[in-house]
Amino acid sequence: MKQKNFFELNFKDLKNFLIKELAVEEKKVSMRSKQIWQSVYKKGSFEINNLTTFPLELRNKLNRLMSLQRPKIANTQTSNDGTIKWLIKLFDGNEVECVYIPEKTRATLCISSQVGCTLNCKFCHTGTQRLVKNLSYAEIVNQVMIAKEQINDWDEKKKITNIVLMGMGEPFYNYENVKTAVEILKDKEGLNYGPKKITVSTAGIANKIPDAANEIGTYLALSLHAPTDDIREMIMPINKKFKIKDLIKQCKYYSSVVKEKITLEYVMLRDINDSIECAKQLVKLMAQFPCKINLIEFNPWPGVQYLPTERNKIEKFGKVIQEAGYVATIRRSRGQDILGACGQLRTESEKKKNI
Ligand code: SAH
């Protein structure tokens with residue numbers, strides 16, 4: 001019989017598996033499931049033989065029927081600023097990137113939700129790679145497990161304090177897998193990331209925002225990048241489908257359910273969206289729902305047609321927003337030298353032709 005991969009089971013599936021395949025008694029199944037779950041997700045133990053809370057016979061049976069195999073790292077790049085980018089080779093041979101960004105008092109792990117992307121945002125490197133596939137929830141969660149293993153992050157006090165779904169892909173075009181992955185990341189018996197330690201970032205798939213408010217409930221970041229439909233449509237084709245007013249409506253709803261400000265992301269593109277007029281238009285938009293804005297330095301990549309806005313101009317832009325009473329932060333770029341910064345991720349995976 002083919003072994004079942006542990007990571008392809010959520011907690012409920014795991015319980016069913018133990019009942020059906022290992023004939024664990026109903027009254028013990030919750031306890032046994034918790035024992036495995038905690039040992040893997042809390043302690044980072046990837047050997048069934050170490051599961052000493054299991055009687056030997058059960059452990060041997062489990063060893064035969066279940067594997068704890070994880071995808072492997074195909075390449076590691078470390079930036080001058082300490083950022084690490086891992087290229088991960090999935091079991092099917094596709095490759096995906098995730099990025100570890102340490103700061104003084106916290107560290108963020110940026111993970112991917114798809115291999116490639118359908119969106120084609122003109123300033124984003126991932127947009128030049130066609131969508132290859134949606135990641136399964138196991139493949140999403142395993143980026144976290146692999147990173148934790150690399151930096152030995154299994155103490156109660158976490159090294160990776162925050163997780164952002166801001167890597168490759170559009171999380172809301174892989175909604176179900178992202179939802180289950182977030183459930184696993186949040187699980188108190190396992191990885192135990194609070195909902196306010198996780199951020200899901202969307203390019204603005206407006207019709208999924210209400211579902212996410214009710215079912216995912218993490219911080220939400222919206223990649224806005226323009227104050228008007230005209231400008232947004234030029235740089236983000238998705239705006240043809242979902243207009244800014246749809247986004248505002250759904251963000252209002254999101255913040256009313258989740259009770260947190262939405263983070264607007266705004267990549268500063270020279271002479272495209274960085275005028276003082278744009279800043280003033282943004283202020284009007286920001287008045288409509290609880291939000292703050294993150295001004296992002298544009299990270300160039302080979303072949304891109306845009307230039308970054310000069311630093312002093314970004315600061316002036318931010319000031320207009322701050323003086324109107326809103327929070328505007330400037331996100332310093334990290335990991336640029338290894339193409340690990342926002343919008344620089346891309347892998348060589350290509351969609352296999354249908355035969
Ligand atoms: N598809 C989702 C998740 C990707 S998040 C989304 O769009 O939100 C990646 C973030 O980096 C997005 O805000 C994206 O717009 C931004 N980004 C893309 N290319 C960039 C670049 N070259 N420089 C800086 N930020 C970029």
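**Helix packing, the nonpolar core and selected residues in a predicted model**

Thr-263 touches Leu-220, Ala-221, Leu-222, Lys-292 and Asn-294 when residues up to four places away in sequence are not counted, contact being taken as heavy atoms within 4.5 Å. The structure is a predicted model, in which local features need pLDDT of at least 70 and side-chain atom pairs count only at pLDDT 80 or more, whereas totals for chains, interfaces and linings use all residues. Residues are numbered from 1 along each chain as its sequence is written, and side-chain values use heavy atoms, with hydrogens and water left out.

Thr-263 has its place in strand 12; helices (H or I, at least four residues) and strands (E, at least two) are DSSP runs numbered from the N terminus. With a relative accessible area of 17%, Thr-263 is buried, where buried means under 20% relative accessible area, exposed over 50% and partly exposed in between, for a 1.4 Å probe and protein chains only. Strand 12, which spans residues 262-268, also holds Glu-265, and this residue is buried with a relative accessible area of 4%. Once its neighbours within four places in sequence are left aside, Glu-265 is in contact with Met-166, Ser-201, Ala-221, Leu-222, Ser-223, Leu-224, His-225, Asn-294, Ile-296 and Arg-331. Ala-221, Leu-222 and Asn-294 are thus among the contacts of Glu-265 and also among those of Thr-263.

The largest nonpolar core comprises 117 residues, and Phe-6 and Phe-123 are those with the most contacts inside it; such a core is a set of buried Ala, Val, Leu, Ile, Met, Phe, Trp, Tyr and Cys residues joined through side-chain atoms within 4.5 Å. Helix 4 contributes the largest share of this core, 8 residues. In soluble globular proteins, nonpolar side chains tend to be buried together. For Phe-123, the contacts beyond its neighbours within four places in sequence are His-225, Ile-235, Met-236, Val-267, Leu-269, Phe-298, Trp-301, Val-304 and Tyr-306.

Helix 4 (residues 137-150) packs against helix 5 (residues 175-186), their axes coming within 8 Å and crossing at roughly 40 degrees. Helix 4 is therefore oblique to helix 5, given that angles under 35 degrees count as roughly parallel, over 145 as roughly antiparallel, 65 to 115 as roughly perpendicular and the rest as oblique. The axes are lines fitted to C-alpha atoms, for helices over the stretch in contact, and the angles run from 0 to 180 degrees between N-to-C directions. The crossing of helix 4 with helix 5 is right-handed, the near helix being turned clockwise from the far one by less than a right angle, whereas an anticlockwise turn would make a crossing left-handed. On the helix 4 side Tyr-137, Ile-140, Val-141 and Val-144 take part, and they meet Asn-177, Val-178, Thr-180, Ala-181, Ile-184 and Leu-185 of helix 5. By class, this contact has 8 nonpolar, 2 polar and no charged residues, with Ala, Val, Leu, Ile, Met, Phe, Trp, Tyr, Cys and Pro counted as nonpolar, Asp, Glu, Lys and Arg as charged, and the others, Gly among them, as polar.

A second helix pair is formed by helix 1 (residues 11-20) and helix 2 (residues 26-42), whose axes come within 9 Å and cross at roughly 125 degrees. These two helices are therefore oblique to each other, and their crossing is right-handed. Helix 1 contributes Phe-11, Leu-14, Lys-15, Leu-18 and Ile-19 to the contact, while helix 2 contributes Glu-26, Val-29, Ser-30, Arg-32, Ser-33, Lys-34, Ile-36 and Trp-37. The contact of helix 1 with helix 2 has 7 nonpolar, 2 polar and 4 charged residues.

Ala-23 lies in the loop between helix 1 and helix 2, where it is exposed with a relative accessible area of 59% and, although not a glycine, has a positive phi of about 55 degrees. Asn-120, likewise not a glycine, has a positive phi of about 65 degrees; it is found in the loop between strand 7 (114-115) and strand 8 (133-134) and is partly exposed, with a relative accessible area of 39%.

Ser-349, in the segment after strand 14 (328-331), is buried with a relative accessible area of 9%. Apart from its neighbours within four places in sequence, Ser-349 is in contact with Asn-94, Glu-95, Val-115, Gln-129 and Val-132.
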